[in-house]
Amino acid sequence: MAFALSPLPYPDTALAPAISAETLSFHHGKHHQAYVDKTNAAIEGTPHADASLEAIIAASRGSNQGLFNNAAQSWNHAFYWHSMAPATTAPSADLAAKIDAAFGSVDALKQQLKDRGLGHFASGWVWLAEKDGKLSIEETHDADTLADSGFNPLLVLDVWEHAYYLDHQNKRPAYLDAVVETKLNWAFASENLARGQVWTYA
Ligand code: MN
């Protein structure tokens with residue numbers, strides 16, 4: 001069964017000025033759509049055709065790089081859209097306590113997310129993740145994902161240039177500052193933490 005493009009959970013104007021409708025039209029409507037289309041083309045008529053996206057990611061890791069890249073990018077982008085909200089939300093009490101334990105404060109975590117995003121060389125993803133009850137910031141390069149990693153991903157930031165170039169040109173810090181300070185969906189992170197299992201693509 002073919003995967004559908006995961007819809008944006010808000011209107012395409014909802015993230016401006018951090019992320020414009022124009023960026024979302026390309027990033028969601030073109031880039032994300034292409035990853036989903038290529039995943040569907042690669043699995044049609046194969047044993048993967050009826051598998052979940054998470055199962056395809058795990059099965060193709062290390063053995064079918066083309067399929068892995070497109071399946072992982074399909075998953076990562078859907079997770080990224082949910083990691084943001086029109087107005088930033090608040091962490092649950094449990095998430096807030098774990099953030100304080102790992103980073104000292106929400107503000108300190110925000111600064112570390114921005115620093116790691118700025119320091120990440122070339123294309124990839126910066127994640128807030130949980131494992132064994134502890135939070136950490138993780139980075140993956142290119143299409144790589146935490147979907148099948150043993151971590152429970154809570155939030156992600158896309159640091160590929162296509163995420164910010166139309167709005168901020170080469171100024172990755174401006175993009176990171178705008179998203180981290182005004183658009184992070186801590187309610188989504190709290191749901192992921194409370195579930196205790198990796199979010200699934202739908
Ligand atoms: Mn992207």
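**Salt bridges, domains and unusual backbone angles**

Student: Aspartate 94 is partly exposed, with a relative accessible area of 40%. What does "partly exposed" mean here?

Tutor: Buried is under 20% relative accessible area, exposed is over 50%, and partly exposed is in between, using a 1.4 Å probe and protein chains only. This is a predicted model, where local features need pLDDT of at least 70 and side-chain atom pairs count only at pLDDT 80 or more, while totals for chains, interfaces and linings use all residues. Residues are numbered from 1 along each chain as its sequence is written, and side-chain values use heavy atoms, leaving out hydrogens and water.

Student: Good to know. Which side chain does aspartate 94 meet in a salt bridge?

Tutor: Lysine 98, at 3.1 Å from N to O. A salt bridge here is a side-chain nitrogen of Lys or Arg within 4 Å of a carboxyl oxygen of Asp or Glu. The two are four residues apart in helix 4, so about one helical turn separates them. (Helices are DSSP runs of H or I with at least four residues, strands are runs of E with at least two, and both are numbered from the N terminus.) Lysine 98 is partly exposed too, at 23%.

Student: How many salt bridges does the structure hold?

Tutor: Seven. One of them joins lysine 110 and glutamate 181, with the closest N and O atoms 3.8 Å apart. Lysine 110 is in helix 5 and glutamate 181 in helix 7 (residues 172–182), so this pair ties together parts 71 residues apart in sequence.

Student: And is lysine 110 buried or exposed?

Tutor: Lysine 110 counts as buried, at 13% relative accessibility, whereas glutamate 181 is partly exposed at 32%. Both belong to a salt-bridge network with Lys114 and Asp177.

Student: New topic: how is the chain divided into domains?

Tutor: Domain 1 is 21–82 and domain 2 is 93–195, with bounds from an automatic or database domain assignment. Their C-alpha centres lie 20 Å apart.

Student: How many residues are in contact across the two?

Tutor: 19 residues of domain 1 and 23 of domain 2, where contact means heavy atoms within 4.5 Å. The buried area, which is the accessible area (1.4 Å probe) that the two parts lose on being put together, summed over both, is about 1,800 Å², with carbon and sulfur atoms giving 61%. On the domain 1 side, Thr23, Phe79 and Tyr80 lose the most area, together 34% of what that side buries.

Student: What's the salt bridge count between the domains?

Tutor: Two. Aspartate 144 also forms a salt bridge with arginine 61, with the closest N and O atoms 3.0 Å apart. Helices 1, 2 and 3 each supply at least two residues of the domain 1 side that touches domain 2, and helix 3 gives the largest share, 10 residues.

Student: Last one: where is the cis peptide bond?

Tutor: From alanine 16 to proline 17, with omega near 5 degrees. Proline 17 sits in the segment before helix 1. Most residues other than glycine have a negative phi, and most peptide bonds are trans.

Student: Which residue in the loop between strand 1 and strand 2 should I look at, then?

Tutor: Aspartate 132, which has a positive phi near 55 degrees and is exposed at 74% relative accessibility. Aspartate 142 has a positive phi of about 55 degrees and lies in the loop between strand 2 and strand 3.
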